[in-house]
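Colleague: I would like a close look at a single part of this model, with the definitions spelled out as you go. Please take your time over it.

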Amino acid sequence: MSAPVPLAELVGPVIRDLARHSGKDLSRWLEQVARLGGCAEPVRLVGHSVTLDPDTGQVLGEYSTRHEPHGQLMIRCGNRRASRCPACAATYRADTYHLIRAGLLGGKGVPDAVRTHPRVLATLTAPSFGAVHRGPGKDGRPVVCHPRRNGPACFQRHTADEPLLGQPIDPGTYDYTGHVLWNAHAGDLWRRFTIYLRRHLAGLSGLSRSTFNRTVRVSFAKVAEYQARGVVHFHAVIRLDGRDESGATLPPPHWATVALLDGAIRSAVAAVHLDAPDLGQATTVLSWGEQVDVRPIEAGELAGGDELSEQKVAGYVAKYATKAAETSGTLNRRVKAADLPRLRHLGVTAHAERLIRTAWNLGDPLTYPDLVELRLRKWAHMLGFRGHFSTRSRAYSTTLTALRQARAHFRELQLAERQGRTPGSTLVLAHWSYAGQGYTPGESALALGFADSSGTSNHHRKELANVESRDGLPE
């Protein structure tokens, strides 16, 4: 391994470059970094904007990146992945938290009465593709990993921090093809589940499908999480609402209960299946696994016990909105052909490497033309899963776009107040072009010295503390 480069050798050339014309460039660069709030991979833009009076056409102000350091303006990358940009991921996680919370407590356009609606936190998992090493039980106590007289077995008691967890006990018998195909069809399985759920709710309530759909609406928000074995499972908040012709969110009928929702979820999960492409693999039918967890969400702030409070659920679901496949030993970026020979050197585990190679091979359009639509080479680093990680139904609550727009509007109000003008009284014409992304190693080292690496305010940190709390919640 080569010796680390001294910090002075990294930072020195950057400071000399920024200050070669005047000290103002260095000051302006530091000001931009401070405004990025700890963003690790800022996007660089070139362009200009003109601010006009919409009534008279008078030019009130002009801005051009020509006067910025290196002729570029840096803005936050907005990446969802915590492994790529912790600061922007923190913002995304907080937005997701508020999106989930609004659907449970009301607010942001959602009526407060949703707290009285039937609501559950459901966890849907994938089936087994082969025995894998497992850690302690839900109570934290070590358990015998996989005691079997026949077939793959392991009689050790693994701790939670062992890298062996999630790895196949016998890679030779593990169904890697079935694993990748399941990940690739996970989104379609979820779509079919939502359709079946409405049908099963109608059947259990004794109504026709059309009558049920005119009376009750199923609202949900879900996130995908990777298990250690490299397969996704879904956590979903599912709520029953009443509805009328106006589309408003109303209290559901008295017969729409948590018990009805629980039963319909379990029967719908059991009914969903897809025929897998026949490639000689053991898994010929794609379906959900046997482990289905459905827990009612109670109204109010419950500090302990097994009951789920709205606050706990919102934090739990939001926490996984910023994680991706890299948590199961793969990469956080797309794989290229040149990467395949050196996957282990890039930190990929042996299990994830084999999954990536399986996805890459299945993505060959000449050998497997019927699988082209799955785009498995593009999503090999995701072990076949094509997203989306976070989705919601239209009526569940507000949108991430609306939350971002509210934040932008707040900043506009602050700027207008400083400039002594009425908000919305000006017209801005702008033209921007992409010029690159990220820091050089020297810029990154310098930026760390001036920016809060977390990129969060005290208020933000309090919200994230809620997001991190998961005591008593399902794994």
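In the hairpin of β1 and β2, which residue takes a positive phi, and how many residues are there between the strands?

Modeller: Before the details, please note that this is a predicted model, in which local features need pLDDT of at least 70 and side-chain atom pairs count only at pLDDT 80 or more, while totals for chains, interfaces and linings use all residues. Residues are numbered from 1 along each chain as its sequence is written, and side-chain values use heavy atoms, with hydrogens and water left out.

The residue you ask about is Gly 57, whose phi is positive and near 80 degrees, and the hairpin has six residues between its strands. Those strands are β1 (residues 43–52) and β2 (residues 59–64), which run antiparallel and are joined by five bridges; strands here are DSSP runs of E with at least two residues, helices are runs of H or I with at least four, and both are numbered from the N terminus. Two strands count as paired if DSSP finds at least two bridges between them. One of the bridge partnerships is that of Val 50 with Glu 62 in β2.

Following the chain beyond β2, one comes to the loop between β2 and β3 (73–75), where His 70 lies. His 70 also has a positive phi, near 60 degrees, in this case in a residue other than glycine. With a relative accessible area of 38%, His 70 is partly exposed, a class that falls between buried (under 20%) and exposed (over 50%), as computed with a 1.4 Å probe on protein chains only.

A further element that bears on the hairpin is strand β12 (residues 427–437), which contains Ser 433. When residues up to four places away in sequence are not counted, Ser 433 touches Arg 44, Leu 45 and Val 46, where contact means heavy atoms within 4.5 Å. Ser 433 is nevertheless partly exposed, its relative accessible area being 30%. Between Ser 433 and Gln 72 the separation is 361 residues in sequence, yet their C-alpha atoms are 9.9 Å apart in space.

For another positive phi outside glycine, one may turn to Lys 108, where the value is about 55 degrees. Lys 108 is found in the loop between α3 and β4 (119–124), and its relative accessible area of 47% makes Lys 108 partly exposed as well.
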